[in-house]
Amino acid sequence: MEVTGFLTAIIIGLVIGALGRLVVPGKQNIPIWLTLVIGVVAALLGTLVAGLFGVDDTAGIDWIELLIQVLFAAAGVYIAAGAYGRRRH
């Protein structure tokens, strides 16, 4: 992966993390930095999974890849909110 690809993955990851947080119902008591880290990891994992299914490079916007990334982010936010919430109380 080139430097520009890595920076793009981080930026997209930040957006994916925010979208994942919006998908999870209720209030998530996790710090924003954790949401951003989850988003970056979800973007990378989502791209890998989309590649395995062959939907990572399609004509136009890769909606299926984006959906997979947001689902990973939502799952990550849900798990982190549960674990972080229990730890803080």
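The UniProt record, an unreviewed entry, lists residues 6-24, 31-54 and 66-85 under "transmembrane region". The structure shown is a predicted model, and two of these spans can be compared with what the model contains. Residues 6-24 are 95% helix and 0% strand, and the C-alpha atoms at the two ends of this span are 27 Å apart. Residues 31-54 are 92% helix and 0% strand, with end C-alpha atoms 34 Å apart.

Helix H2 covers residues 32-53, and several of its residues show what surrounds it. Begin with Thr35, which is in helix H2. Thr35 has a relative accessible area of 1%, so it is buried, because buried means under 20%. What does Thr35 touch, leaving aside its neighbours within four places in sequence? Its contacts are Gly17, Ala18, Arg21 and Ile30.

Further along helix H2 is Ala43. Its relative accessible area is 4%, and therefore Ala43 also counts as buried. Not counting residues up to four places away in sequence, Ala43 touches Ala9, Gly13, Ile16 and Gln69. Ile12 lies 31 residues from Ala43 along the chain, yet the C-alpha atoms of Ala43 and Ile12 are separated by 7.0 Å.

Buried nonpolar residues can also be viewed as groups. The largest nonpolar core has eight residues, namely Val24, Ile30, Leu34, Ile38, Ala74, Val77, Ala80 and Tyr84. Both H2 and helix H3, which spans residues 63-88, supply at least two residues of this core. H3 gives the largest share, with four residues. One member of the core is Ile38. Apart from neighbours within four places in sequence, Ile38 is in contact with Ala73, Gly76, Val77 and Ala80. There is also a second, separate core of five residues, and Ile16, Ala42, Ala43 and Val70 are among them.

Not every nonpolar residue of helix H2 is buried. Val37 is in helix H2, but with a relative accessibility of 44% Val37 counts as partly exposed. This is because the value falls between the 20% limit for buried and the 50% limit for exposed. Where does Val37 belong on the surface? Val37 is part of a nonpolar surface patch of about 680 Å², made together with Ile32, Trp33, Val41, Leu45, Leu48 and Phe72. Helix H2 contributes the most to this patch, with six residues.

Helix H2 thus appears in two settings: it supplies residues to the largest nonpolar core, and it gives the most to the nonpolar surface patch.

Key:
Residues are numbered from 1 along each chain as its sequence is written. This is a predicted model: local features need pLDDT of at least 70, side-chain atom pairs count only at pLDDT 80 or more; totals for chains, interfaces and linings use all residues. Side-chain values use heavy atoms; hydrogens and water are left out. Patches are made of residues with over 30% relative accessible area and no salt bridge: like charges are joined within 9 Å, nonpolar side chains (Val, Leu, Ile, Met, Phe, Trp, Tyr) within 5 Å. Accessible areas come from the Shrake-Rupley method with a 1.4 Å probe; for residues, only the protein chains shown count as cover. A salt bridge is a side-chain nitrogen of Lys or Arg within 4 Å of a carboxyl oxygen of Asp or Glu. Buried means under 20% relative accessible area, exposed over 50%, partly exposed in between (1.4 Å probe, protein chains only). UniProt positions are given in the numbering used here, feature names are shortened, and annotations may be inferred rather than shown by experiment. Contact means heavy atoms within 4.5 Å. A nonpolar core is a set of buried Ala, Val, Leu, Ile, Met, Phe, Trp, Tyr and Cys residues joined through side-chain atoms within 4.5 Å.
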